[in-house]
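Trainee: I should like a close look at a single part of this model, namely one of its open sheets, followed by an account of how the rest of the chain is arranged. Please take the sheet as the starting point and proceed from there.

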Amino acid sequence: MNVVGMKTLFVKEVRRFVRIPGQTVLSPLISTALYFVVFGSALSGRISEVEGVPYLAYIVPGLVFLGVANNAFVNSSSSIFSAKIQGTIVDLLVAPLGPLEIIVGFVGGAVVRGVLVGLLTWAVGILFAGGTLVSLWLTCTVLILGAYTFALLGLISGLWAEKFEQVNFFPTFVMLPLTFLGGVFYSVDTLPGIWRTVSLFNPVVYLVDGLRHGMLGVGSFATWVAPVVLVAVSSVTTAISYALLARGYKLKS
Amino acid sequence: MNTPVLSLEGLQKSYGSFTALNDVTLDIRQGEIFALLGPNGAGKSTLIGTVCGMVKKTAGKVRLFGIDIDDDPVGPRYRVGLVPQEINFDPFFTPTECLEIQQGYYGQKPDPERIREVLEAMQLTSKANVVTRALSGGMRRRLLIAKALVHRPQLVFLDEPTAGVDVELRRDLWTYVRRLRAEGTTVVLTTHYLEEAEELADRVGVIDGGRLLLVEEKATLLQRLGERRIIVHLEKPQAALPPQVAELGGVLSEDGLSVSYREKAGARGLRPLLAAIQTAGMPVNDLETQRPRLEDVLIQVLRGRGEA
């Protein structure tokens with residue numbers, strides 16, 4: 001295994017997003033702050049508490065998850081897509097880097113960005129709604145495994161995309177509906193019967209719920225559900241990413 | 001006998017019904033400069049891409065340093081460098097950082113001394129810490145060359161390395177490539193500047209339509225197929241060539257002041273030509289000879305006259 005090569009790619013990926021903090025870190029923070037202002041302030045007047053937690057505090061884990069998932073996804077997808085467009089992907093294809101090294105490098109950088117934005121979002125949330133931490137291990141597990149899973153999805157999306165329009169396909173048509181319908185702003189228990197059943201097919205529901213358990217100590221499902229779902233989904237996405245890179249999917253002609 | 005640095009056996013690459021490489025068999029020897037020549041779309045870059053991991057072969061064997069890339073696609077690549085034909089650059093990083101990253105990809109720790117050396121060789125020292133998006137096209141091309149060499153590869157593919165590079169720097173690069181060869185590095189070169197291949201290559205391969213038409217020592221090839229051009233400058237303009245000069249193959253220039261003649265490889269045409277000109281009473285002012293050119297040989301081979 002090329003450990004130095006893998007570490008180099010990882011460090012490069014981190015340096016890449018650190019060089020443009022306005023776009024990669026500040027911008028998502030402003031979006032989150034707006035969520036707090038618009039959703040929190042507007043709805044907290046009508047919904048005072050959910051599951052015994054003030055509404056503004058209740059939406060913090062969901063918004064943290066939103067920040068983690070979006071940024072981990074966008075980092076790896078845009079990085080690999082721009083490498084394809086700029087032609088620098090050649091450097092990786094020619095170098096002695098196998099699928100594992102490429103996954104760790106790209107996804108590692110994306111996880112760092114996702115978790116960083118998640119933590120900063122949490123800090124913003126604490127400013128607006130105060131903060132609690134009930135389970136450190138569960139919070140860390142969901143944050144890191146969640147970032148890892150969405151970074152892998154970003155990698156797959158970046159590999160698949162051939163046009164700028166396609167890079168936005170997953171975030172717009174898959175991630176946005178899944179996250180907004182994933183209980184970020186509400187509890188799935190409040191949904192009417194059929195919609196609650198439909199929600200159970202959305203993995204994001206369990207991940208947001210897991211983070212809520214970790215941060216607030218409340219949730220709709222058992223605490224073990226989120227880690228189990230994350231391990232299952234990340235195993236599948238890891239296997240798919242590995243297979244695509246080993247085949248040179250849309251990288252090699 | 002030494003194991004070839006690169007060995008291709010029945011290499012085939014097809015895109016649907018289009019065959020980009022057709023049964024290519026070739027050995028590249030250690031320490032040589034091999035020029036792969038051919039027209040656009042002949043299969044040169046596909047061949048390089050197949051060896052370097054950018055193109056998936058359809059059939060055949062590729063052995064790098066004696067290792068079959070089907071058995072170990074990654075291991076042999078520690079010893080390979082590539083200058084791709086298309087310019088690429090990462091706008092976030094400076095040339096120094098790009099070279100550090102490149103060394104890292106090849107499992108090496110950053111070596112500032114080596115980076116300085118390569119930047120200097122490519123005349124990029126003054127731009128070492130400028131972001132790459134601020135570099136000119138020629139500088140970006142030179143950075144590509146630096147990236148391909150910074151990890152000290154044993155086999156370097158230079159796919160059109162001097163396209164868009166000015167003449168002076170091109171000559172400096174030739175000197176550097178010769179130095180690489182002296183250090184034992186093997187170089188596979190594709191170029192449209194045939195003068196470049198003529199200057200550098202030990203052996204030449206001609207590819208067209210995905211088929212390798214010919215592989216030969218450059219010197220032997222030029223001797224076998226090259227034509228020497230002889231120009232006899234006359235003192236007075238002539239209206240027409242005397243028959244005895246025309247029969248030998250002499251051609252009168254438009255201004256009537258010179259006779260040109262192409263001497264086939266191995267032929268001894270200069271003496272009879274001069275004798276015929278003298279007999280015809282045409283005073284000679286000067287004599288000019290031009291050595292055989294690879295360009296003429298390539299044209300002959302592509303027209304199907306190159307088979308040994």
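Mentor: In this predicted model, chain B contains an open sheet whose four strands follow the order 12-13-11-14, with antiparallel pairing. Its edges are strand 12 (251-252) and strand 14 (284-290) of chain B, each of which pairs on one side only. Strand 14 of chain B is joined to strand 11 (residues 228-234) of chain B by six bridges in the antiparallel sense. Within strand 14 of chain B, Asp286(B) is the residue that stands opposite His233(B).

A second open sheet of chain B may be described in the same terms. It also has four strands, here in the order 2-1-4-5, and the pairing is antiparallel. Strand 2 (18-28) and strand 5 (67-68) of chain B form the edges, each pairing on one side only. Helix 1 (residues 44-52) of chain B packs on this sheet, where it touches strand 1 (6-15), strand 2 and strand 4 of chain B. The direction of helix 1 makes about 65° with that of strand 2 of chain B. Strand 4 (residues 59-64) of chain B runs antiparallel to strand 5 of chain B, and two bridges join them. Across this pair, Arg63(B) stands opposite Asp68(B) of strand 5 of chain B. As a general point, the strands of a sheet pair through backbone hydrogen bonds, in either a parallel or an antiparallel manner.

These sheets belong to a chain with ten helices and 14 strands. The C-alpha trace of chain B spans about 75 × 45 × 40 Å along its principal axes, and 39% of its 308 residues count as buried. Among contacts in chain B between residues at least 6 apart in sequence, 69% join residues at least 24 apart.

Among the helices, helix 4 (residues 137-149) of chain B merits attention. From its first C-alpha to its last, this helix of 13 residues reaches 19 Å, close to the 18 Å expected at 1.5 Å a residue. Helix 4 of chain B is mostly covered, with ten of its 13 residues buried; among them are Met139(B), Arg141(B), Leu144(B), Ala146(B) and Leu149(B). The cover over the buried residues includes strand 6 (80-83), helix 2 (95-105), helix 3 (112-121), strand 7 (155-159) and helix 5 (167-182) of chain B.

Ala146(B) of helix 4 appears again in the largest nonpolar core, which has 147 residues. The residues with the most contacts inside that core are Ala146(B), Ala35(B), Leu189(B), Ala151(A) and Leu207(A). Not counting residues up to four places away in sequence, Leu207(A) touches Phe65(A), Val142(A), Gly146(A), Ala226(A), Val229(A) and Leu230(A). Another core, of six residues, lies apart from the largest one and has Val232(B), Val245(B), Ala276(B) and Ile277(B) among its members.

The contact between the chains remains to be described. Chain B contributes 25 residues and chain A contributes 21 residues. On the side of chain B that touches chain A, strand 6 and helix 2 of chain B are the elements that give two or more residues. Helix 2 of chain B gives the most, with four residues. By character, the residues on this side of chain B divide into 13 nonpolar, seven polar and five charged. Strand 6 and helix 2 of chain B thus appear in two places in this account: in the cover of helix 4 of chain B and on the side of chain B that touches chain A.

Terms used:
Residues are numbered from 1 along each chain as its sequence is written. Chains are lettered from A and ligands numbered from 1 in the order in which they are written. This is a predicted model: local features need pLDDT of at least 70, side-chain atom pairs count only at pLDDT 80 or more; totals for chains, interfaces and linings use all residues. The expected span of a helix is 1.5 Å times one less than its number of residues. A residue is buried if 20 or more other C-beta atoms lie within 10 Å of its own, exposed if 12 or fewer, and partly exposed in between; C-beta atoms are placed from the backbone. Two residues are in contact if their C-beta atoms, placed from the backbone, lie within 7 Å. Two strands pair if DSSP finds at least two bridges between them. Axes are lines fitted to C-alpha atoms, for helices over the stretch in contact, and angles run from 0 to 180 degrees between N-to-C directions. Ala, Val, Leu, Ile, Met, Phe, Trp, Tyr, Cys and Pro count as nonpolar, Asp, Glu, Lys and Arg as charged, and the others, Gly among them, as polar. A nonpolar core is a set of buried Ala, Val, Leu, Ile, Met, Phe, Trp, Tyr and Cys residues joined through C-beta atoms within 7 Å.
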